[in-house]
Structures are given as C-alpha cells and as structure tokens.
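Please look over the sequence and the 3D structure shown here before reading the briefing.

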Amino acid sequence: MNNLIEKDEPLHVYFKDEQTDDTTIELLEEIAAGIPCRFRLCKSWSELSSAIAEHPASIMFSINMVNKHGSTVSEFMLMLETLIKYTELHTKPTIGVDIEITTPISTIKQLQKNKISALIPDANTLGIEESKLAIRSVLESRLYWPKHIINKLPGNESKTVHKDVQLTLRQQEVFDLIAKRGLSNKQIAKVLKISESTVKIHVSAILKTLCVRNRTQLALTKL
C-alpha cells in the first residue's frame with residue numbers, strides 16, 4: 001500500500017492494479033497538494049480491505065480491476081459493498097470509477113445500474129484535466145457523469161432530438177437532473193421537492209416524448 005500524502009485529512013482510496021504507472025501517482029499528488037485530503041493507492045483486495053478499515057471518504061477504482069478479476073460490474077460491486085458492509089462504516093464512501101477511451105458504452109450502462117457516483121476519465125487516454133475535474137467532484141461528494149466523455153466511447157448511440165421536440169418546464173428540470181447530474185428518481189424528488197411517484201410520471205413522459213427506451217439513452221440524448 002502506498003500512502004501518497006501523510007496528514008490528518010479525509011482519506012480517499014484509489015484501487016488500481018499492479019501496473020499502476022507514474023502518471024497516476026503524479027496526478028494524485030498534484031490534486032492532493034491543493035485539496036485538504038490524503039490519497040492511498042491500493043493494488044490488491046487485502047490492501048483495499050485495510051484501507052476501508054480507516055473509514056475513507058471515497059473509493060475510486062480502475063475499470064480494469066473489474067476486467068482483471070473476470071467478473072461483471074455487478075459482481076465486482078457486490079464484493080466491494082460486502083467489504084464496506086462488514087467494516088461497519090458510519091458513513092458510506094463515495095464511489096468513483098476510472099474509465100478509459102476504450103471502455104465500451106455497455107460497461108457504462110452497467111455502472112449506471114450500480115451505486116457509482118462518478119466516472120473518472122483516465123488521465124493517459126482522456127486527458128489529465130478531465131481526470132482532475134472528475135476526481136475533484138468525487139472529493140466533494142458530487143455526482144459526475146460527463147456526457148462529452150461518454151459520447152466518445154465505443155458503441156455509443158447518443159441521439160440528437162429534433163429542435164421541435166418540446167418538454168414542459170418541469171420535464172426539462174427532470175431531464176437536466178438525469179442527463180447532467182445522473183440523479184436517481186429519489187434524488188430528483190428531493191431536489192425538486194416533489195414525490196418520487198411524480199418523478200416517475202415525468203420520466204415516463206420524457207422517455208415517450210424523446211422516443212428513447214430507458215434512462216441510459218435519455219442521459220445520452222442531446223437537446
């Protein structure tokens with residue numbers, strides 16, 4: 001395990017394989033230098049388990065960790081959530097995942113079905129500034145699902161809706177919270193101060209108006 005910064009600040013864990021390059025370490029050190037936090041780089045499940053015992057504020061993992069262990073995103077998340085559960089944390093950490101330019105859109109759809117708060121563009125393949133922006137969002141416990149990055153991924157089927165398509169003011173608010181912030185129905189209900197059942201009605205109407213089948217396609221739709 002590699003402690004990048006030693007100080008009494010919130011701990012943020014980065015779970016990446018044994019081939020972790022110097023770019024990752026340099027990036028984390030650069031970000032930590034300007035934010036009151038400390039990073040810990042973990043390269044195995046045992047190291048991650050020890051780090052979780054220290055009650056981290058966030059856990060970020062490379063999508064390659066899923067591929068390496070030959071499991072699906074759901075199976076990987078089950079393993080991670082089990083570790084978190086049995087550590088009996090008072091506050092669950094924010095979860096972010098490091099994706100690459102070769103990460104297929106099908107994987108993004110799997111991530112959307114799990115408790116992922118942010119997508120972190122890989123510094124090597126998608127740019128260090130994009131990666132820094134995403135990590136800062138994780139550190140501040142903000143959702144981050146960058147459409148401009150998702151649109152670049154293999155298999156993307158983003159749709160451009162004709163300008164004549166009109167949403168009501170409330171539908172536009174719901175659309176923006178899904179497309180720009182990736183919020184769930186429950187979170188949208190809290191933000192807009194309406195019932196979750198009302199949100200579901202709006203989402204159904206938006207899907208029908210935009211001629212898309214699900215929230216993933218909705219999130220990738222350009223208005």
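The points below concern one helix and the largest pocket.

This is a predicted model, in which local features need pLDDT of at least 70 and side-chain atom pairs count only at pLDDT 80 or more, while totals for chains, interfaces and linings use all residues. Residues are numbered from 1 along each chain as its sequence is written, and side-chain values use heavy atoms, with hydrogens and water left out.

**Helix α11**

- Helix α11, at residues 196-210, has 15 residues and reaches 21 Å from its first C-alpha to its last, close to the 21 Å expected at 1.5 Å a residue.
- The buried residues of α11 (buried means under 20% relative accessible area with a 1.4 Å probe, protein chains only) are Val199, His202, Val203, Ile206, Leu207 and Leu210.
- These residues cover an arc of only 140° around the axis, which puts them on the same side of α11.
- On the other side of α11, Ile201 and Lys208 are exposed, a term for over 50% relative accessible area.
- Just after α11, Cys211 takes a positive phi of about 60°.

**The largest pocket**

- The largest pocket has a volume of about 850 Å³, where a pocket is an open set of points on a 1 Å grid over the protein atoms alone, each fitting a 1.4 Å probe, with protein on both sides within 12 Å along at least five of seven lines.
- Its lining, meaning residues with an atom within 4 Å of a point, holds 33 residues, of which Gln112, Asn114, Lys115, Ile116 and Ser117 lie nearest the centre of the pocket.
- The largest share of this lining, four residues, comes from α4.

How values were computed:
Helices (H or I, at least four residues) and strands (E, at least two) are DSSP runs, numbered from the N terminus. The expected span of a helix is 1.5 Å times one less than its number of residues. The arc is that of the directions from the helix axis to the C-beta atoms. Grid points are joined across faces, edges and corners, and a volume is the space filled by probe spheres set on the points.
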